[in-house]
Amino acid sequence: MVAAELTLPHVSPGLYGQSKLPEYVSATARPHATPEDVQALNKQKIALKGYMLPLRTEDGKVVEFLVMANQALCCFGAVPKITEYVSVRMPEGRGVNELKDIPITVFGTFKVGAIVENDYVVGLYEICLLYTS
């Protein structure tokens with residue numbers, strides 16, 4: 001059972017009148033504000049619709065990607081803000097075919113919280129993938 005079906009604008013704190021964070025924020029900076037209704041989905045199974053931006057492949061399969069609200073938020077358009085994408089990492093040993101320019105729905109456990117790499121927050125939302133459609 002899926003707790004919620006979201007589209008990406010729903011998880012963007014900017015839509016709730018809160019200030020948006022800069023693209024890269026130091027992990028030692030201020031805490032990250034997340035709307036209560038989004039925070040309530042933490043650790044819940046959700047369905048999320050958007051567009052795939054592959055980040056890492058192994059053996060011809062995508063094992064890490066971003067889900068974004070539209071195709072303009074990528075390397076060819078506007079740089080997405082930290083609240084405008086959700087990171088997706090495949091379980092160990094699994095991958096999916098690349099599906100650029102096609103709307104997809106991902107199903108999995110939604111995680112809310114800073115994703116830190118090299119002492120920088122590079123994301124706020126993540127899905128542990130169950131499957132895609």
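Start with the second largest pocket, which holds about 200 Å³ of space. Of the 13 residues lining this pocket, select the ones closest to its centre: Glu 58, Val 63, Pro 91, Gly 93 and Arg 94. Keep in mind as you look around that this is a predicted model.

Now colour the lining by residue class. Which class do you expect to see: nonpolar, polar or charged? The lining of the second largest pocket has eight charged residues, along with three nonpolar and two polar ones. Next, colour by strand. Strands β3 and β4 each bring at least two residues to the lining of this pocket, and β4 gives the most, with three.

**Next stop: strand β4**

Select residues 61–68, which form β4. Is this strand mostly covered or mostly open? Seven of the eight residues of β4 are buried, so it counts as mostly covered (buried here means under 20% relative accessible area).

Now add β3, residues 45–58. β3 and β4 run antiparallel, and seven bridges join them. For one pair to click on, try Pro 54, which stands opposite Phe 65 in β4. While you have strands on screen, here is a handy rule: in a regular strand, side chains alternate between the two faces of the sheet.

Follow β3 to the turn that leads into β4. The hairpin of these strands has two residues between them, and Asp 59 in this hairpin takes a positive phi near 50°.

**On to strand β5**

Select residues 85–89 to see β5. How many bridges pair β4 with β5? There are five, and the two strands pair in the antiparallel sense. To find one of the contact points, click on Met 68: its bridge partner in β5 is Tyr 85. Four of the five residues of β5 are buried, so the rest of the structure largely encloses this strand.

**The loop between β4 and β5**

Select Ala 69, which lies in the loop between β4 and β5. Ala 69 is partly exposed, and its relative accessible area is 30%. Now use the distance tool on the C-alpha atoms of Ala 69 and Pro 80. What separation should you get? The answer is 9.5 Å, for two residues that sit eleven apart along the chain.

**Two loop residues with positive phi**

Go to Lys 43, in the loop between α1 (36–39) and β3. Its phi is near 70°, a positive value in a residue other than glycine. Lys 43 is exposed, with a relative accessible area of 67%.

Then jump to Asn 118, in the loop between β6 (103–117) and β7 (120–132). Asn 118 is not a glycine either, yet its phi is positive, at about 50°. Is Asn 118 buried or exposed? Asn 118 is exposed, since its relative accessible area of 72% is over the 50% cut-off.

**Zoom out**

Finish with the whole protein in cartoon view. You should find one helix and seven strands, in the order β-β-α-β-β-β-β-β from the N terminus on. Of the 133 residues in the protein, 40% are buried. Switch to a surface view, and you are looking at about 7,400 Å² of exposed area, with carbon and sulfur atoms supplying 51% of it.

One last thing to picture is how the chain meets itself. Take the contacts with a separation of 6 or more: residues 24 or more positions apart account for 64% of them.

Methods. Residues numbered from 1 in each chain as written. Predicted model: local features only at pLDDT ≥ 70, side-chain atom pairs only at ≥ 80, totals over all residues. Heavy atoms only, no water. Buried < 20%, exposed > 50% of the residue type's maximum accessible area, 1.4 Å probe, protein only. Contact = heavy atoms within 4.5 Å. Areas by Shrake-Rupley, 256 points an atom, 1.4 Å probe, with all protein chains shown as cover. Pairing = 2+ DSSP bridges. 1 Å grid on protein atoms, 1.4 Å probe; cavity = no way out; pocket = protein on both sides within 12 Å on 5 of 7 lines; lining within 4 Å. Points joined across faces, edges and corners; volume = space filled by probe spheres on them. Nonpolar A, V, L, I, M, F, W, Y, C, P; charged D, E, K, R; others polar.
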